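This report walks through one protein model, beginning with its strands and ending with its helices. Please keep the sequence and the structure in view while reading.

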Amino acid sequence: MSNPTWQVLIGVGHGIRISSRLGLRFGPYIAGIVLAVVMLATATIATAAGGSFRCVLNDGETVLILEDRNLQNVAVARRDQTGRRTIVTNPTYMELFQPATQWFWLAHECAHQQLGHTLGNYGPDREQQADCYAVRQMIKHSEVDLAGLKAIQNDISKVAGDGKAYRSGPERAAEITACALTKPG
Ligand SMILES: [Zn+2]
(Lines give C-alpha, C1' and ligand atoms only; values in the text may rest on other atoms or scores of the structure.)
Protein backbone atom coordinates (compact mmCIF):
# COMPACT_ATOMS: atom_id res chain seq x y z
CA MET A 1 0.00 0.00 0.00
CA SER A 2 2.93 2.30 -0.62
CA ASN A 3 1.62 3.33 -4.00
CA PRO A 4 0.33 6.88 -3.53
CA THR A 5 -2.55 6.30 -5.88
CA TRP A 6 -3.76 3.47 -3.71
CA GLN A 7 -3.52 5.65 -0.68
CA VAL A 8 -5.82 8.09 -2.38
CA LEU A 9 -8.22 5.31 -3.21
CA ILE A 10 -8.36 4.23 0.38
CA GLY A 11 -9.04 7.79 1.42
CA VAL A 12 -11.92 7.91 -0.98
CA GLY A 13 -13.18 4.46 -0.23
CA HIS A 14 -16.60 5.81 0.26
CA GLY A 15 -19.87 5.70 -1.48
CA ILE A 16 -23.24 4.59 -0.45
CA ARG A 17 -24.30 2.11 2.12
CA ILE A 18 -27.71 0.63 1.71
CA SER A 19 -29.68 0.27 4.88
CA SER A 20 -30.94 -2.92 6.39
CA ARG A 21 -34.40 -1.60 5.65
CA LEU A 22 -33.68 -2.41 2.03
CA GLY A 23 -32.64 -5.85 3.10
CA LEU A 24 -28.98 -5.34 2.37
CA ARG A 25 -26.05 -4.23 4.36
CA PHE A 26 -22.52 -3.96 3.12
CA GLY A 27 -19.37 -3.94 5.08
CA PRO A 28 -16.74 -1.32 4.52
CA TYR A 29 -15.52 -1.01 1.01
CA ILE A 30 -12.01 -2.35 0.75
CA ALA A 31 -10.16 -0.54 -1.99
CA GLY A 32 -7.41 -3.11 -2.37
CA ILE A 33 -9.82 -5.94 -3.05
CA VAL A 34 -11.89 -3.93 -5.44
CA LEU A 35 -8.77 -2.81 -7.25
CA ALA A 36 -7.94 -6.43 -7.84
CA VAL A 37 -11.10 -6.85 -9.85
CA VAL A 38 -10.12 -6.78 -13.47
CA MET A 39 -13.47 -7.30 -15.13
CA LEU A 40 -14.67 -3.78 -15.68
CA ALA A 41 -17.13 -2.98 -18.39
CA THR A 42 -17.87 0.44 -19.74
CA ALA A 43 -21.17 1.51 -18.32
CA THR A 44 -24.05 2.99 -20.17
CA ILE A 45 -26.06 4.77 -17.56
CA ALA A 46 -29.41 5.68 -19.00
CA THR A 47 -31.94 7.17 -16.67
CA ALA A 48 -35.49 8.35 -16.81
CA ALA A 49 -34.23 11.90 -16.49
CA GLY A 50 -34.01 12.01 -20.25
CA GLY A 51 -30.57 11.03 -21.41
CA SER A 52 -27.41 9.45 -20.25
CA PHE A 53 -25.39 10.70 -17.36
CA ARG A 54 -22.08 12.27 -18.26
CA CYS A 55 -19.50 13.57 -15.83
CA VAL A 56 -17.64 16.43 -17.49
CA LEU A 57 -15.35 18.35 -15.19
CA ASN A 58 -14.85 22.09 -15.33
CA ASP A 59 -11.46 21.56 -16.95
CA GLY A 60 -13.14 19.71 -19.82
CA GLU A 61 -12.13 16.21 -18.77
CA THR A 62 -14.85 13.60 -19.22
CA VAL A 63 -14.72 11.13 -16.34
CA LEU A 64 -14.92 7.52 -17.47
CA ILE A 65 -17.86 5.64 -15.94
CA LEU A 66 -17.34 1.93 -15.43
CA GLU A 67 -19.49 -0.93 -14.18
CA ASP A 68 -18.38 -3.57 -11.73
CA ARG A 69 -20.94 -5.96 -10.28
CA ASN A 70 -18.44 -7.01 -7.63
CA LEU A 71 -18.22 -3.50 -6.24
CA GLN A 72 -19.43 -3.51 -2.64
CA ASN A 73 -21.07 -0.16 -3.13
CA VAL A 74 -23.54 1.58 -5.40
CA ALA A 75 -20.87 3.83 -6.83
CA VAL A 76 -17.44 5.19 -5.98
CA ALA A 77 -15.17 7.92 -7.29
CA ARG A 78 -11.57 6.90 -7.66
CA ARG A 79 -8.43 7.19 -9.70
CA ASP A 80 -7.02 4.31 -11.66
CA GLN A 81 -3.41 3.19 -11.64
CA THR A 82 -2.49 5.91 -14.12
CA GLY A 83 -4.13 8.61 -12.03
CA ARG A 84 -7.06 9.01 -14.39
CA ARG A 85 -10.25 9.89 -12.59
CA THR A 86 -13.07 7.38 -12.90
CA ILE A 87 -16.48 6.55 -11.49
CA VAL A 88 -17.32 2.90 -10.88
CA THR A 89 -20.88 1.75 -10.35
CA ASN A 90 -22.51 -1.53 -9.47
CA PRO A 91 -25.70 -1.82 -11.57
CA THR A 92 -27.08 -4.53 -9.28
CA TYR A 93 -27.28 -2.06 -6.42
CA MET A 94 -28.03 0.93 -8.60
CA GLU A 95 -31.23 -0.74 -9.79
CA LEU A 96 -32.56 -0.72 -6.23
CA PHE A 97 -33.07 3.01 -6.52
CA GLN A 98 -35.45 5.20 -8.43
CA PRO A 99 -34.10 6.78 -11.65
CA ALA A 100 -33.64 10.23 -10.15
CA THR A 101 -31.65 8.72 -7.29
CA GLN A 102 -29.53 6.70 -9.68
CA TRP A 103 -28.66 9.94 -11.43
CA PHE A 104 -27.98 11.56 -8.08
CA TRP A 105 -25.49 8.84 -7.08
CA LEU A 106 -23.56 9.46 -10.28
CA ALA A 107 -23.74 13.21 -9.78
CA HIS A 108 -22.47 12.67 -6.23
CA GLU A 109 -19.43 10.74 -7.45
CA CYS A 110 -18.86 13.27 -10.22
CA ALA A 111 -18.94 15.97 -7.53
CA HIS A 112 -16.18 14.15 -5.64
CA GLN A 113 -14.08 14.34 -8.80
CA GLN A 114 -14.95 17.95 -9.53
CA LEU A 115 -14.22 19.01 -5.96
CA GLY A 116 -10.86 17.24 -5.93
CA HIS A 117 -11.79 14.70 -3.30
CA THR A 118 -9.88 11.96 -5.12
CA LEU A 119 -6.79 14.15 -5.24
CA GLY A 120 -6.14 14.06 -1.52
CA ASN A 121 -8.66 16.73 -0.66
CA TYR A 122 -10.84 14.39 1.37
CA GLY A 123 -12.05 15.49 4.78
CA PRO A 124 -14.87 14.76 7.22
CA ASP A 125 -17.41 17.02 5.53
CA ARG A 126 -16.78 15.83 2.00
CA GLU A 127 -19.83 13.60 1.72
CA GLN A 128 -22.13 16.49 2.53
CA GLN A 129 -20.23 18.67 0.06
CA ALA A 130 -20.66 16.09 -2.68
CA ASP A 131 -24.37 15.66 -1.91
CA CYS A 132 -24.97 19.40 -1.99
CA TYR A 133 -22.93 20.02 -5.11
CA ALA A 134 -24.62 17.12 -6.88
CA VAL A 135 -28.20 18.20 -6.29
CA ARG A 136 -27.42 21.80 -7.22
CA GLN A 137 -25.79 20.68 -10.46
CA MET A 138 -28.82 18.55 -11.26
CA ILE A 139 -31.12 21.51 -10.76
CA LYS A 140 -28.85 23.86 -12.68
CA HIS A 141 -28.81 21.53 -15.67
CA SER A 142 -32.52 20.66 -15.44
CA GLU A 143 -31.71 17.02 -14.72
CA VAL A 144 -34.25 16.69 -11.94
CA ASP A 145 -37.78 17.90 -11.30
CA LEU A 146 -39.83 18.11 -8.12
CA ALA A 147 -40.95 14.50 -8.39
CA GLY A 148 -37.34 13.48 -8.83
CA LEU A 149 -36.28 15.44 -5.78
CA LYS A 150 -38.95 13.68 -3.77
CA ALA A 151 -37.74 10.33 -5.06
CA ILE A 152 -34.19 11.17 -4.03
CA GLN A 153 -35.31 12.29 -0.60
CA ASN A 154 -37.35 9.14 -0.13
CA ASP A 155 -34.58 6.81 -1.26
CA ILE A 156 -31.79 8.49 0.67
CA SER A 157 -33.81 8.66 3.86
CA LYS A 158 -33.55 4.84 3.84
CA VAL A 159 -29.78 4.74 3.39
CA ALA A 160 -27.79 3.95 6.49
CA GLY A 161 -25.27 6.34 7.92
CA ASP A 162 -22.01 5.17 9.40
CA GLY A 163 -21.64 7.59 12.29
CA LYS A 164 -18.62 9.13 10.53
CA ALA A 165 -18.58 10.42 6.97
CA TYR A 166 -22.20 9.50 6.35
CA ARG A 167 -24.98 10.92 8.40
CA SER A 168 -28.17 8.98 8.92
CA GLY A 169 -30.44 8.68 5.91
CA PRO A 170 -33.10 11.12 7.18
CA GLU A 171 -30.45 13.72 8.10
CA ARG A 172 -28.74 13.31 4.80
CA ALA A 173 -31.98 13.60 2.85
CA ALA A 174 -32.88 16.76 4.76
CA GLU A 175 -29.53 18.33 3.96
CA ILE A 176 -29.88 17.50 0.28
CA THR A 177 -33.31 19.10 0.26
CA ALA A 178 -31.92 22.18 2.00
CA CYS A 179 -29.20 22.44 -0.63
CA ALA A 180 -31.78 22.10 -3.38
CA LEU A 181 -33.73 24.99 -1.90
CA THR A 182 -30.80 27.37 -1.43
CA LYS A 183 -28.25 28.86 -3.75
CA PRO A 184 -24.54 28.29 -3.28
CA GLY A 185 -23.17 30.71 -0.71
ZN1 LIG B 1 -19.34 10.12 -1.55
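## Strands around S6

Strand S4, which covers residues 64-67, pairs with S6 in the parallel sense, and four bridges link the two. Within this pairing, Ile65 stands opposite Ile87 of S6. The model in which these strands are seen is a predicted one.

S6 also has a partner in strand S5 (residues 75-79), to which it is joined by five bridges, and here the two strands run antiparallel. In this second pairing Ile87 of S6 is the bridge partner of Ala77. S5 and S6 form a hairpin with five residues between them, and in its turn Gly83 has a positive phi of about 90 degrees.

How much of S6 is buried? Of the five residues in S6 (residues 85-89), four are buried, so the strand is largely enclosed by the rest of the structure. S5 is mostly covered as well, with four of its five residues buried.

The two pairings of S6 can be set side by side as follows.

| Partner of S6 | Sense | Bridges | Residue paired with Ile87 |
|---|---|---|---|
| S4 (residues 64-67) | parallel | four bridges | Ile65 |
| S5 (residues 75-79) | antiparallel | five bridges | Ala77 |

## The protein as a whole

The protein contains seven helices and six strands, and from the N terminus on its elements follow the order α-α-β-β-β-β-β-β-α-α-α-α-α. It has 185 residues, of which 37% count as buried. Among the contacts with a separation of 6 or more, 61% are between residues 24 or more positions apart.

## Helix H5 and the residue after it

Helix H5, which spans residues 126-140, has 15 residues and reaches 21 Å from its first C-alpha to its last, close to the 21 Å expected at 1.5 Å a residue. Its buried residues are Glu127, Ala130, Asp131, Cys132, Ala134, Val135 and Met138, and they pack against helix H4 (99-114) and against H7. In reading such a list it helps to recall that an α-helix has 3.6 residues a turn, so residues three or four places apart point the same way.

After H5 comes Ser142, which is found in the loop between H5 and H6. Its phi is near 55 degrees, a positive value in a residue other than glycine. As background, most residues other than glycine have a negative phi. Is Ser142 buried or exposed? Ser142 counts as exposed, because it has 9 C-beta neighbours inside 10 Å, and a residue is exposed if that number is 12 or fewer.

## Helices H6 and H7

Helix H6 (residues 146-156) packs with helix H7 (residues 169-181) at an angle of about 155 degrees, and their axes are 8 Å apart. Because angles over 145 degrees count as roughly antiparallel, H6 is roughly antiparallel to H7. On the side of H6 the contact is made by Leu149, Ile152, Gln153 and Ile156, while H7 contributes Gly169, Arg172, Ala173, Ile176, Thr177 and Ala180. The residues of this contact divide into six nonpolar, three polar and one charged.

Notes:
Residues numbered from 1 in each chain as written. Predicted model: local features only at pLDDT ≥ 70, side-chain atom pairs only at ≥ 80, totals over all residues. Buried ≥ 20, exposed ≤ 12 C-beta atoms within 10 Å, placed from the backbone. Pairing = 2+ DSSP bridges. Contact = placed C-beta atoms within 7 Å. Axes fitted to C-alpha atoms, helices over the stretch in contact; angles between N-to-C directions. Parallel < 35°, antiparallel > 145°, perpendicular 65-115°, else oblique. Nonpolar A, V, L, I, M, F, W, Y, C, P; charged D, E, K, R; others polar. Expected span 1.5 Å × (residues − 1).
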